[in-house]
Amino acid sequence: MTDPDPAAGFDTARPSRLVVLAGPTAVGKGTVAADVRKQHPEVWLSVSATTRKPRPGEQDGVHYWFVSEDEFDAMIEHGELLEWAVVHKRARYGTPRKPVEEALAKGLPALLEIDLQGARQVRETMPGARFVFLMPPSWDELVRRLVGRGTETDEERERRLETARDELAAEGEFDVTIVNHEVHSAAEELVDLMLLDDEHRFDL
Ligand code: 5GP
């Protein structure tokens with residue numbers, strides 16, 4: 001095993017402990033991440049903080065930490081967020097830094113499911129992470145999934161589609177693309193990228 005040459009670019013054969021999963025809205029990032037957790041409970045999944053209101057069935061501390069604008073301001077001010085962004089021009093979302101650091105210190109494979117702006121910030125601060133882009137099988141399928149979810153207003157949906165168009169254009173910035181034809185196989189592809197071999201782990 002030779003040390004990789006950083007100038008040679010990304011080596012897809014190298015598993016990483018920290019995987020950042022991004023991709024356009026409604027592509028199914030949350031569902032894929034949940035499937036990973038179900039099949040592989042050893043994978044640690046970051047719980048983001050957000051200023052958006054919970055949807056029916058969402059639990060504080062499980063799906064998100066639901067916080068006020070003031071609380072989010074304080075988290076930024078105290079440097080508690082690894083990254084944060086305004087998503088869909090509406091609410092703020094951010095990754096609490098400490099739990100990520102603790103998970104990595106324990107050697108757990110960690111997964112962040114965040115938006116494109118957040119992924120770009122993590123690339124700056126943790127360049128050793130592996131950046132994965134989840135693609136819909138087609139644009140029409142993405143629209144169908146977004147409409148099918150039925151949890152957003154027309155205005156909100158339009159805003160999300162606008163964001164999705166920009167996000168799709170960023171695929172080339174990522175190390176790996178996974179097409180979400182089917183949740184379980186996409187999750188398995190993701191897990192393959194998180195292989196747990198100490199000898200091969202990334203230094204973050
Ligand atoms: P939703 O409101 O549908 O749960 O999520 C909206 C978007 O916010 C998704 O694209 C999701 O990936 C993104 N998101 C969730 N958590 C975070 C986070 O901690 N940071 C960033 N930058 N985006 C996030």
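So, L81 sits in strand 5, and its bridge partner over in strand 6 is P96. That's one piece of an antiparallel pairing: strand 5, residues 81-87, and strand 6, residues 91-96, are joined over 6 bridges. Before I go on, please keep in mind that this is a predicted model.

Staying with that pair for a moment, the two strands make a hairpin with 3 residues between them, and H88 there takes a positive phi near 55 degrees. Strand 5 is mostly covered, by the way: 5 of its 7 residues are buried.

Okay, zooming out. The chain has 204 residues, and 47% of them are buried. You'll count 7 helices and 9 strands. If you take the contacts with a separation of 6 or more, 72% are between residues 24 or more positions apart.

Now the sheet. In which order do the 5 strands of the open sheet line up? The order is 2-7-1-8-9, and the pairing is parallel. At the edges you find strand 2, residues 44-45, and strand 9, each pairing on one side only. As a general reminder, strands of a sheet pair through backbone hydrogen bonds, either parallel or antiparallel.

Let's walk across from the strand 2 edge. Strand 2 runs parallel to strand 7, residues 110-113, with 2 bridges between them. In that pairing, W44 stands opposite A110 of strand 7. Further along, strand 1, residues 18-22, is joined to strand 8 by 4 bridges, also parallel. There, L21 faces V132 of strand 8. Then strand 8 goes on to strand 9, residues 176-179, again parallel and with 4 bridges. M135 has V179 as its bridge partner in strand 9.

Strand 8 deserves a closer look. Why call it largely enclosed by the rest of the structure? Well, 6 of the 6 residues in strand 8, which spans 130-135, are buried, so the rest of the structure largely encloses it. And that goes for both faces: R130, V132 and L134 point one way, F131, F133 and M135 point the other way, and all are buried. Notice that the list includes an arginine, R130, among the buried ones.

Next up, the pocket. The largest one has a volume of about 1000 Å³. It's lined by 35 residues, and the closest to its centre are K29, G30, T31, Y64 and E113. Which element gives the most to that lining? That's helix 1, with 6 residues. Our hairpin comes back here too: strand 5 and strand 6 each supply at least two lining residues, as do helix 1 (29-39), helix 5 (139-149) and helix 6 (154-168). In terms of chemistry, the lining divides into 13 nonpolar, 10 polar and 12 charged residues.

Last stop is E58, in the loop between strand 3 (49-50) and strand 4 (65-66). What does the side chain of E58 pair with? One partner is the side chain of R52, through a polar contact of 2.8 Å. A polar atom of the E58 side chain also lies 2.7 Å from the backbone nitrogen of R55. Leaving out residues up to four places away in sequence, E58 touches R52, K53, H63, Y64 and F66. And Y64 is a name you've already heard, as one of the residues closest to the centre of the largest pocket.

That's my tour, so over to you.

Terms used
Residues are numbered from 1 along each chain as its sequence is written. This is a predicted model: local features need pLDDT of at least 70, side-chain atom pairs count only at pLDDT 80 or more; totals for chains, interfaces and linings use all residues. Side-chain values use heavy atoms; hydrogens and water are left out. Buried means under 20% relative accessible area, exposed over 50%, partly exposed in between (1.4 Å probe, protein chains only). Two strands pair if DSSP finds at least two bridges between them. A polar contact is a pair of N or O atoms within 3.5 Å; within protein, one must be able to donate a hydrogen and the other to accept it, and residues adjacent in sequence count only if both atoms are side-chain atoms. Contact means heavy atoms within 4.5 Å. On a 1 Å grid over the protein atoms alone, a cavity is a set of points where a 1.4 Å probe fits but cannot get out, and a pocket is an open set with protein on both sides within 12 Å along at least five of seven lines; lining residues have an atom within 4 Å of a point. Grid points are joined across faces, edges and corners, and a volume is the space filled by probe spheres set on the points. Ala, Val, Leu, Ile, Met, Phe, Trp, Tyr, Cys and Pro count as nonpolar, Asp, Glu, Lys and Arg as charged, and the others, Gly among them, as polar.
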